[in-house]
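User: I would like a close look at one part of this predicted model. Please place it in the chain and set it beside similar spots.

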Amino acid sequence: MAPHPVIEYTSESSWAMIEDKFSPYAKETLAKLIKFMEDEVLPAIRVAHSQLPTDPERRWKTVIPIIAELKEKAKKLGLWNLFLSKAHYPEHGVPLTNLEYAVMAEILGRAGHIGPEAVNCSAPDTGNMEVLARYGSLEQQKKWLIPLLSGDIRSAFAMTEKGVASSDATNIRTSIRREGDEIVINGHKWWISGAGDPRTKLHLVMGKSDPTNTNHYNQQSVVIVPADAPGVTVVRPMHVFGYDDAPEGHCEVIYENVRVPLGNLVLGWGRGFEIIQGRLGPGRIHHCMRSIGAAQASLDLMLERVTDPGRKTFGKYLYEHGYQGTVIADIAKSRAEIESARLLVLSAALQIDKYKAKGALKEIGIAKFVVPEMALTVIDRAIQAFGAEGISQDQELAGRWAGLRTLRIADGPDAVHIQQVGQRELRRGPGLVKKAAERKRKEGLLMEKAGIKGHL
């Protein structure tokens, strides 16, 4: 039997560790996805960038034609909503585990945002679909989830606020209050991904509905706000190192006396924290696997560059120069770091499958601060090998680096995850001290029995 084509994109060793955990359907879907990426998506990247107008107004009103074509092709191939596991969402999901999708997410990550969008696996839609599938009422699912699953509309998730330390979500100030049969929303958000897209029809907005509740984690609620509701104003797109990420964007949004029906409340009053925790776990792993794909693609570019006969200087390949001796070391380090990060994230995905996101908090937290930093380092090495071209628009490296740098802040900054993982480790301390004391006691008995006095 021929080896699975995935080993050309990941590694034989990592695939050997997880192959027996892949169903026949998952293996077939993964092979189909790789072929789709090779034949359709990767060749379309430059076309997609060219089809986005440079005009500052038109670029926010444009649905990129070739991406729309890719989505139709992916649907026909059955490469659609791959992130939504039937094990957790029987009615709407596909028969893939988080582990199986994690490998697919790495493949998709090689094509930036275009790969995931082509198969309807783009953030923030993925997290929003999970929220609606898990917590949404039947009416909410019919009105919003089904069109999202079909790829007919897009969405935004509005939590981060201007002038507020939003990494602590208890600080959120947006007001969500009931008036009769309506909910009234007032708030000032920013960095709201997807809010600029002309296809976006709903925002999931988190705000405070019970600010005096003694339990700070029961003060927040999540409500569905139609993107065209009166009082919703998209102020401007925020730029990431100069990139505006049109047409989706990351926008500043004001909600001023926005009124929606009471039926737009998700799950119930005061359930906001429960919703966002359920939303973030799998999403963080998806981000991490896509980041590994971006790192792997960048290492591949670096290898192409340093072994290109047309790029020789003074008659030597770049990796052959004495002053470029670090190139080989950089390649080796990048390979090792990618392999390590991949195994870490696959472990987290497996934990989610076994125990859901709540049972994989440690693994998710570690991956969240390890993987983006690794990917940034790998991409930076590739940029260095390319020289000036590496930081230009003629290569994807600068855009990849800018996008990945945001992941050290988005969904909780590194410091928060490091703190949580460290605190979790400290809980092991008392048990370790107790074991050490017991070991010392047994050691003393053995020394006494052997007639040994004092310590060796």
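In which loop is Pro-124 found?

Analyst: Pro-124 sits in the loop between α5 (114-118) and α6 (125-135); helices (H or I, at least four residues) and strands (E, at least two) are DSSP runs, numbered from the N terminus. The model is predicted, with local features needing pLDDT of at least 70 and side-chain atom pairs pLDDT 80 or more, while totals for chains, interfaces and linings use all residues. Residues are numbered from 1 along each chain as its sequence is written, and side-chain values use heavy atoms, without hydrogens and water.

The bond leading into this proline, from Ala-123 to Pro-124, is cis, and its omega is near 0 degrees. Most peptide bonds are trans, and most residues other than glycine have a negative phi. A cis bond also joins Ala-246 to Pro-247, again with omega near 0 degrees. Pro-247 belongs to the loop between β6 (232-237) and β7 (250-261).

As for the surrounding stretch, an unreviewed UniProt entry lists residues 61-152 as "domain: Acyl-CoA dehydrogenase/oxidase N-terminal"; such annotations may be inferred rather than shown by experiment. Helix makes up 58% of the chain over residues 61-152 and strand 0%, and the C-alpha atoms at the two ends are 16 Å apart.

Asn-81 has a positive phi, near 55 degrees, although it is a residue other than glycine. Asn-81 lies in the loop between α3 (65-77) and α4 (98-108). Asn-81 counts as buried because its relative accessibility is 6%, where buried means under 20% relative accessible area, exposed over 50% and partly exposed in between, for a 1.4 Å probe and protein chains only. Asp-411 is likewise not a glycine and has a positive phi of about 55 degrees. Asp-411 is placed in the loop between α11 (397-405) and α12 (414-426), and with a relative accessible area of 26% Asp-411 is partly exposed.

Cys-121 also needs a word. Cys-121 is buried, at 0% relative accessibility. The structure holds 0 disulfides, a disulfide being a pair of cysteine sulfur atoms within 2.5 Å. Cys-121 is unpaired because the closest cysteine sulfur, in Cys-288, is 16 Å from its own, too far for a bond. Seen from the other end, Cys-288 is in no disulfide either, with the sulfur of Cys-121 as its nearest cysteine sulfur. Cys-288 has 2% relative accessibility and so counts as buried.
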